[in-house]
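User: I'm new to this structure and would love a close look at one part of it. Could you walk me through the largest pocket and what lines it?

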Amino acid sequence: MSEPILYSYWRSSCSWRVRIALELKKVQYQQVHIHLLNQEQSEEKYLQINPAGMIPTFVHDGNVITESLAILEYLDEVFEGPKLIYGNAAKKALIRSLALIIISNIQPLQNPRVTAVHSNDKAKREEFARHFIDRGFETLEKRLKATAGKYSVGDELSLVDVCIPSQVYSAIRFNVDMRKFPIIQRINEELGKLPAFIKADEKHQPDTPAEFRAEIEK
């Protein structure tokens, strides 16, 4: 069986989630870096792998899997290590519903493919993204009041937690006032202490530009 391959970009939110899960499950894998700003996702050789021209794409044992949620569920079913979706049917539904606030209700609306259609003006694009991050985080913060312990669902890591760091990073990039979301902030700080989350973050990828790495690590 060949080593799995993840097509990724250092600060892609969706790739970041998958990297965290791979690290938590201690999966040895190969990264192929797709430079989004250079439009490598639109090159024919990549479109032959993923016709949508989006990342991440995960290739394992002859299977080509796209969309981060599908990849995360595949990893949970195929690889050993801590489960990200667990418990009875109601708890599994709870975990999925919280994660989908980020995966479906926030992240797609900050994506340049969407904001570029909204406006040609950079400030208006950022305002658009900030609006939907704020709305989504308001909902998530309210839900977490009832579910959070050390992490998003009690004291055990879940699918929700692998989605949080990249979304907080994006929120800060778009100048969202994170002081309004103390539970999300606290959980993100706890996650930032874990080796798997550190290894998967935007600062520690082979394709992280040196100038960003230096700027972040000051």
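Analyst: Happy to help; here is a tour of that pocket, followed by a short look at the second largest one. Please keep in mind that this is a predicted model.

Let's start with size: the largest pocket has a volume of about 1,100 Å³. Its lining is made up of 36 residues, and those closest to the centre are Leu36, Gln107, Gln110, Asn111 and Pro112. Several helices take part, with α1 (13-24), α3 (68-78), α5 (107-110), α6 (112-118), α7 (122-147) and α8 (159-173) each giving two or more residues to the lining. The top contributor is α6, which gives five residues.

Where does the largest pocket lie relative to the domains? Domain 1 (5-82) and domain 2 (89-199) both give residues to its lining, so the pocket lies between them. As for the chemical make-up of this lining, 15 residues are nonpolar, 13 are polar and eight are charged.

Now for the second largest pocket, which holds about 340 Å³ of space. Here 16 residues form the lining, and Trp16, Pro165, Asn188, Glu202 and Lys203 lie nearest the centre. At least two lining residues come from each of α1, α8, α9 (182-191) and α10 (195-200). In this pocket α8 gives the most, with five residues. By class, the lining of the second largest pocket has 10 nonpolar, two polar and four charged residues.

How values were computed. Residues numbered from 1 in each chain as written. Predicted model: local features only at pLDDT ≥ 70, side-chain atom pairs only at ≥ 80, totals over all residues. Heavy atoms only, no water. 1 Å grid on protein atoms, 1.4 Å probe; cavity = no way out; pocket = protein on both sides within 12 Å on 5 of 7 lines; lining within 4 Å. Points joined across faces, edges and corners; volume = space filled by probe spheres on them. Helix = DSSP H or I, 4+ residues; strand = E, 2+ residues; numbered from the N terminus. Nonpolar A, V, L, I, M, F, W, Y, C, P; charged D, E, K, R; others polar. Domains from an automatic or database assignment.
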